[in-house]
Amino acid sequence: MKKILSLGLLCTTILLSQAQAASTPTVSGVFEKTVHAFAENHAPLGQIPASDLLNQPVAGIDEETGFLKVQTPKGLVLVARAAVTTTMTAAAPRETSCSYIGTLAASGTGSSSGFASNCKAGGR
């Protein structure tokens with residue numbers, strides 16, 4: 001009975017780690033042979049080889065700069081989103097009660113003819 005439970009636990013652990021790995025975004029492509037990188041404190045690190053970034057996990061997004069935090073074998077680095085492609089999925093747009101109708105043209109009152117339901121152009 002212990003062997004069956006151990007085997008079941010092992011299978012569950014493997015499946016969970018595979019599911020987690022599949023959901024963790026990674027760097028899937030790089031546009032140049034080297035990429036300009038920054039340290040977590042935003043200090044320039046210079047150019048790093050593209051091979052140091054490929055297939056490495058994206059740990060998040062730096063709130064201050066919008067750069068991607070990529071975990072490399074040499075440590076965490078920040079890189080511009082435009083320098084790499086990732087397996088990250090785009091976030092869904094936030095919900096709003098405004099309905100976009102057509103071309104935006106601000107009126108003298110600050111409202112926009114491109115929105116319905118008394119929406120303000122800046123509130124989109």
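**Note on the predicted chain and its five-stranded sheet**

1. From the N terminus on, the elements run α-β-β-β-β-β-β-β-β-β, that is, one helix and nine strands, where helices (H or I, at least four residues) and strands (E, at least two) are DSSP runs numbered from the N terminus. This is a predicted model, in which local features need pLDDT of at least 70 and side-chain atom pairs count only at pLDDT 80 or more, while totals for chains, interfaces and linings use all residues. Residues are numbered from 1 along each chain as its sequence is written, and side-chain values use heavy atoms, with hydrogens and water left out.

2. An open sheet of five strands has the order S3-S2-S6-S5-S4, with antiparallel pairing; two strands pair if DSSP finds at least two bridges between them. Strand S3 (44–49) and strand S4 (58–61) stand at the edges with a single partner strand each, so one side of each is left without a neighbour in the sheet. From one strand to the next the twist averages 40°, an angle taken between N-to-C directions, on a scale from 0 to 180 degrees, of axes that are lines fitted to C-alpha atoms.

3. Strands S4 and S5 pair in the antiparallel sense over three bridges, and Gly-60 stands opposite Lys-69 in S5. These two strands form a hairpin with six residues between them, and Gly-66 in the turn has a positive phi of about 80°.

4. On the way from S5 to S6, the hairpin passes through two residues, and the two strands pair in the antiparallel sense over five bridges. Leu-68 stands opposite Val-79 in S6, whereas the bridge partner of Val-70 in S6 is Val-77.

5. Which side chains of S5 are buried? Leu-68, Val-70 and Thr-72 point to one face and are buried, while Lys-69 and Gln-71 point to the other and are not; buried means under 20% relative accessible area, with a 1.4 Å probe and protein chains only. In a regular strand the side chains alternate between the two faces of the sheet.

6. The largest nonpolar core has twelve residues, among them Val-58, Leu-68, Val-70, Val-77 and Val-79; such a core is a set of buried Ala, Val, Leu, Ile, Met, Phe, Trp, Tyr and Cys residues joined through side-chain atoms within 4.5 Å. Strand S2 (34–38), strand S5 (68–72) and strand S6 (75–79) are the elements that give two or more residues to this core.

7. Leaving aside residues up to four places away in sequence, Val-58 touches Pro-25, Thr-26, Val-27, Leu-68, Lys-69, Thr-86 and Met-88, where contact means heavy atoms within 4.5 Å.

Methods: Buried means under 20% relative accessible area, exposed over 50%, partly exposed in between (1.4 Å probe, protein chains only).
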